[in-house]
Amino acid sequence: MHRIATLLAQAGNRRDPATGAISTPIYQTATFAHPALGESTGYDYTRSSNPTRKALEDAMTQIEGAAASFAFGSGLAALSTVLCLFSSGDNLIVAEGAYGGTTRLLDQVFARLGLSASYVSITDTAAYRAALQPNTRAILIESVSNPCLLVPDLPALAALAHEAGALLIVDNTFLTPYWLRPLAGADGVAADIVLHSASKYLAGHNDTIAGLVSVRTPALAERLGYLQNAVGAVLAPQDAWLVLRGLKTLALRLEAQQRNALLLAQWLQAHPQVRRVYYPGLPGDAGHARLKSFSNGFGAVLSFELTSTAAVAALIEGVQLISYAESLGGVESLITVPAVQTHANLPAAERARLGVTDTLVRLSVGIEDSADLIADLAAALQH
Ligand SMILES: *Cc1c(COP(=O)(O)O)cnc(C)c1O
């Protein structure tokens, strides 16, 4: 088995024996002609399977060390399909402060269908044990929280889930398989299902919405494959091709983005208008040692607390290079104010408890020259 950078660069390579095309062709077709009565080429209808989507799914299966992978139209389409594994009366334990779309889907949609979610503090391992109920079927957790970059004890949670006969589902969007492969069982993280918003690092260019799910066992592969076709929230061939293309440079992008993130975090720490920086790549960060124990990297999202809301306004209005926009993981740096954007739907008290203050700013660091990013922040903070 090749190493991860090789698997990434070779994603989808030479899949077309008819022409030898290096890049996987985009099979922009809804249906496939059958060779004879009762026969199939293996492809019947694109909702069920499509060669371009299959190339992406097979690449992810190799990259994640999975039994199988499935591509969806968005990260939330992927999660919705995963949640269809469960039934009315089932319970999930979910880390507090999970992605806003995740809690909205659980609390406003699947709750109506009888699936309950119990929320616990992401870093409090004892709280997960206390929250276990006889009907708990899964623990759903992000590998690093948003926006304060808190780090859960994933090995302990994997052990706890399995002891309780429940699944561990890891939303690994922030770290990607380049830094952490939760299915592979390395460093004690033996997850059952890993999901990604591929709209972020995997596609990587702020140009595509996509979701990916990989599973550890053939039994889960069969159930999820059935649901992918039954629910039908699949990724289109053009977008599957864009994600494949993104995977090829994931290793390079993440190395560059993480290098920039550390430089920016250190610079921000020393700035008089910055009260606190959250970035697990900083040796002094609360999650640094834990994340280092099971992940090969720290990612490239960081948050920081400014001294006043006036400073936040000046920063957002002052940045010229960095775009004021939601999302993360692309080659272009983006800045957001979580209390106003990504976490605006939470009640103020809940935001306060999660550390999402009005003076917190989140930065997704891209691959630009770090000196230009620092100059942009410096000029904006001077206003
Ligand atoms: C963006 C995101 C999602 C949702 O993915 P979409 O592709 O936007 O549907 C889920 N989880 C995390 C951690 C995310 O950042």
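## Where two domains meet

Between domain 1 and domain 2, about 3,300 Å² of area is buried, and carbon and sulfur atoms give 60% of it. Buried area is the accessible area (1.4 Å probe) that two parts lose on being put together, summed over both. This is a predicted model: local features need pLDDT of at least 70, side-chain atom pairs count only at pLDDT 80 or more, and totals for chains, interfaces and linings use all residues. Residues are numbered from 1 along each chain as its sequence is written, and side-chain values use heavy atoms, leaving out hydrogens and water.

The domain bounds come from an automatic or database domain assignment. The C-alpha centres of the two domains lie 26 Å apart. Contact means heavy atoms within 4.5 Å.

| Domain | Bounds | Residues in the contact |
|---|---|---|
| domain 1 | 4-247 | 34 residues |
| domain 2 | 250-381 | 40 residues |

Which residue forms a salt bridge with Glu96? The partner is Arg353, with the closest N and O atoms 2.9 Å apart. A salt bridge needs a side-chain nitrogen of Lys or Arg within 4 Å of a carboxyl oxygen of Asp or Glu. Across the interface, the rule finds 1 salt bridge.

On the side of domain 1 that touches domain 2, helices H1 (4-9), H6 (154-163), H7 (176-179) and H9 (237-248) each supply at least two residues. H7 gives the most, with 3 residues. Helices here are DSSP runs (H or I, at least four residues), numbered from the N terminus.
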